[in-house]
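Here's a friendly walk through a protein model, meant for someone meeting it for the first time. Take a look at the picture, and then we'll go through it piece by piece.

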Amino acid sequence: MPDVNWEDSFCGEGNSCFRIGTDEQGNSYIAVAGAEEHFLTDSREALQQMIRDIKAGKADHLL
């Protein structure tokens, strides 16, 4: 497993807690809190764009 610097958990309602992290190569990671060994990874730029899109409401149809 890469050396990931995990942030504190982001928790919604119930048990939906996620963690975001980065590594020294500029990659970003998203995992369910407590299961960090099973992660999604992409570039830091991709994570930034995903967060901007969520804030802009582009994922509201998933709620």
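## The overall look

The chain exposes about 4,800 Å², and carbon and sulfur atoms supply 52% of that area. Keep in mind as you read that this is a predicted model. Taken along the principal axes, the box that the C-alpha atoms fill is roughly 35 × 25 × 15 Å. Of the 63 residues in the chain, 19% are buried.

What is the chain built from? It has 1 helix and 5 strands. Going along the sequence, you meet them in the pattern β-β-β-β-β-α. As for contacts with a separation of 6 or more, 16% of them are between residues 24 or more positions apart.

## Two hairpins

Let's start with the strands. Strand E3 (residues 17–22) and strand E4 run antiparallel, and 5 bridges join them. If you want a spot to look at, find Ile 20, which stands opposite Ile 30 in E4. The hairpin of E3 and E4 has 4 residues between the strands, and Gly 26 there takes a positive phi near 90°.

Now move on to the next pairing. E4 and E5 also pair in the antiparallel sense, over 5 bridges. Here Tyr 29 stands opposite Thr 41 in E5. These two strands form a hairpin with 6 residues between them, and in its turn sits Gly 34, with a positive phi of about 95°.

## A chain of rings

How many aromatic pairs does the structure hold? There are 2 of them. One brings together Trp 6 and Tyr 29, which meet edge-to-face at 6.3 Å centre to centre, with 65° between the planes. This pair links distant parts of the chain, since Trp 6 is in strand E1 and Tyr 29 is in strand E4 (residues 27–32), 23 residues apart. Both Trp 6 and Tyr 29 are buried.

Tyr 29 has a ring partner in Phe 39 as well: this pair is edge-to-face too, at 5.0 Å centre to centre and 80° between the planes. Tyr 29 lies in strand E4 and Phe 39 in strand E5 (residues 39–43), so the pair ties together parts that are 10 residues apart in sequence. Put the ring pairs together and you get a cluster of Trp 6, Tyr 29 and Phe 39.

Is Tyr 29 buried or exposed? Tyr 29 counts as buried because its relative accessible area is 3%, under the 20% cut-off. Phe 39 has a relative accessible area of 28%, so Phe 39 is classed as partly exposed.

## Val 4, at the start

Val 4 is found in the segment before strand E1 (5–6). With a relative accessible area of 11%, Val 4 is buried. Which residues does Val 4 touch, leaving aside its neighbours within four places in sequence? The answer is Gly 21, Thr 22 and Tyr 29, and you've already met that tyrosine in the ring cluster.

For a sense of distance, compare Val 4 with Gly 57: they are 53 residues apart in sequence and 29 Å apart in space, C-alpha to C-alpha.

## The sulfur link

A disulfide is a covalent bond between the sulfur atoms of two cysteines. The count here comes to 1 disulfide. It joins Cys 11 to Cys 17, with 2.1 Å from S to S. The angle about the S-S bond is 115°, and the link of Cys 11 and Cys 17 is right-handed. Cys 17 has a relative accessible area of 17%, so Cys 17 is buried.

## The helix

How far does H1 reach? This helix has 12 residues and spans 17 Å from its first C-alpha to its last, close to the 16 Å expected at 1.5 Å a residue. After H1 comes Gly 57, with a positive phi near 90°.

One residue to pick out in helix H1 (residues 44–55) is Ala 46. Ala 46 is partly exposed, with a relative accessible area of 27%. Between Ala 46 and Ala 59 there are 15 Å in space, C-alpha to C-alpha, and these two are 13 residues apart in sequence.

Terms used:
Residues are numbered from 1 along each chain as its sequence is written. This is a predicted model: local features need pLDDT of at least 70, side-chain atom pairs count only at pLDDT 80 or more; totals for chains, interfaces and linings use all residues. Side-chain values use heavy atoms; hydrogens and water are left out. Buried means under 20% relative accessible area, exposed over 50%, partly exposed in between (1.4 Å probe, protein chains only). Contact means heavy atoms within 4.5 Å. Rings of Phe, Tyr and Trp (its six-membered ring) pair if their centres lie within 6.5 Å; planes under 30 degrees apart count as stacked, over 60 as edge-to-face and the rest as tilted. Two strands pair if DSSP finds at least two bridges between them. The expected span of a helix is 1.5 Å times one less than its number of residues. A disulfide is a pair of cysteine sulfur atoms within 2.5 Å. Accessible areas come from the Shrake-Rupley method with a 1.4 Å probe; for residues, only the protein chains shown count as cover.
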